[in-house]
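Student: I have just opened this structure and would like some help in reading it. Could we go through it together?
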Amino acid sequence: MMDPFVHVHKGTILQESLLGLSNTMVVLTPIDLQERLLERISENIFEKVHLVSLICAHPSLIAEHEVFSDHKIMLEELKISPEAGVKMQFVIELVLLSKVRGMGIPIFHEPGTGKFEV
């Protein structure tokens with residue numbers, strides 16, 4: 001049932017062609033707004049997984065969802081604020097640090113999952 005929506009990329013092709021490529025797991029703590037939004041999610045497991053991934057990537061991604069309709073305007077205003085999402089903060093900081101060091105970073109985002117592989 002989930003096969004059309006789940007894509008797995010192990011990075012083996014990139015490891016062969018990009019020397020020094022490594023996988024790193026980074027654990028990020030959601031900012032206060034993300035924590036408050038996460039507390040409002042229902043117990044439906046499929047909806048929960050989907051909404052958690054969207055909120056963790058950036059809170060504005062759930063602006064159209066009916067559970068958060070009372071915050072729609074505020075969430076839509078966050079679209080221009082990358083600092084509203086902890087993952088966006090991390091990716092921006094990583095790119096800036098890499099630029100200063102003269103390094104390149106391939107960044108892969110799994111659409112709809114909120115997951116980034118750097």
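Student: Which helix does Lys48 lie in?
Tutor: This is a predicted model, and in it Lys48 belongs to helix α3.

Student: Is Lys48 buried, partly exposed or exposed?
Tutor: Lys48 is partly exposed, because its relative accessible area is 30%, and partly exposed covers the range between under 20% and over 50%.

Student: What does Lys48 touch, not counting residues up to four places away in sequence?
Tutor: Lys48 touches Ile41, Ser42 and Glu43.

Student: And how far is Lys48 from Leu38?
Tutor: The two are 10 residues apart in sequence, and their C-alpha atoms lie 9.0 Å apart in space.

Student: What about Val49, buried or exposed?
Tutor: Val49 also has its place in helix α3. Val49 counts as exposed because its relative accessibility is 52%. Together with Ile45 and Phe46, Val49 makes a nonpolar surface patch of about 320 Å².

Student: How many residues does α3 have, and what is its reach?
Tutor: Helix α3 covers residues 45-57, which is 13 residues. From first C-alpha to last, α3 reaches 18 Å, close to the 18 Å expected at 1.5 Å a residue.

Student: Which residues of α3 are buried?
Tutor: They are Leu51, Ser53, Leu54, Ile55, Cys56 and Ala57.

Student: And what do the buried residues of α3 pack against?
Tutor: They pack against α2 (32-38) and α5 (86-101).

Student: Turning to the interior, which residues make up the largest nonpolar core?
Tutor: That core has 12 residues in all: Leu33, Leu37, Ile41, Leu51, Leu54, Ile55, Ile62, Ala63, Phe68, Leu75, Leu78 and Ala84. The elements giving two or more residues to this core are α2 and α3, and α3 gives the most, with 3 residues. As a general tendency, nonpolar side chains in soluble globular proteins are buried together.

Student: Take Leu33 from that list. What is Leu33 in contact with, leaving aside neighbours within four places in sequence?
Tutor: Leu33 is in contact with Pro59, Met74 and Leu78.

Student: Now the overall picture. How many helices and strands does the protein have?
Tutor: The protein has 5 helices and 2 strands. Read from the N terminus, the elements run α-α-α-α-α-β-β.

Student: How much of the protein counts as buried, and what does the accessible surface come to?
Tutor: Of the 118 residues, 24% count as buried. The accessible surface comes to about 8,600 Å², and 62% of it belongs to carbon and sulfur atoms.

Technical notes. Residues are numbered from 1 along each chain as its sequence is written. This is a predicted model: local features need pLDDT of at least 70, side-chain atom pairs count only at pLDDT 80 or more; totals for chains, interfaces and linings use all residues. Side-chain values use heavy atoms; hydrogens and water are left out. Helices (H or I, at least four residues) and strands (E, at least two) are DSSP runs, numbered from the N terminus. Buried means under 20% relative accessible area, exposed over 50%, partly exposed in between (1.4 Å probe, protein chains only). Accessible areas come from the Shrake-Rupley method with a 1.4 Å probe; for residues, only the protein chains shown count as cover. The expected span of a helix is 1.5 Å times one less than its number of residues. Contact means heavy atoms within 4.5 Å. A nonpolar core is a set of buried Ala, Val, Leu, Ile, Met, Phe, Trp, Tyr and Cys residues joined through side-chain atoms within 4.5 Å. Patches are made of residues with over 30% relative accessible area and no salt bridge: like charges are joined within 9 Å, nonpolar side chains (Val, Leu, Ile, Met, Phe, Trp, Tyr) within 5 Å. A salt bridge is a side-chain nitrogen of Lys or Arg within 4 Å of a carboxyl oxygen of Asp or Glu.
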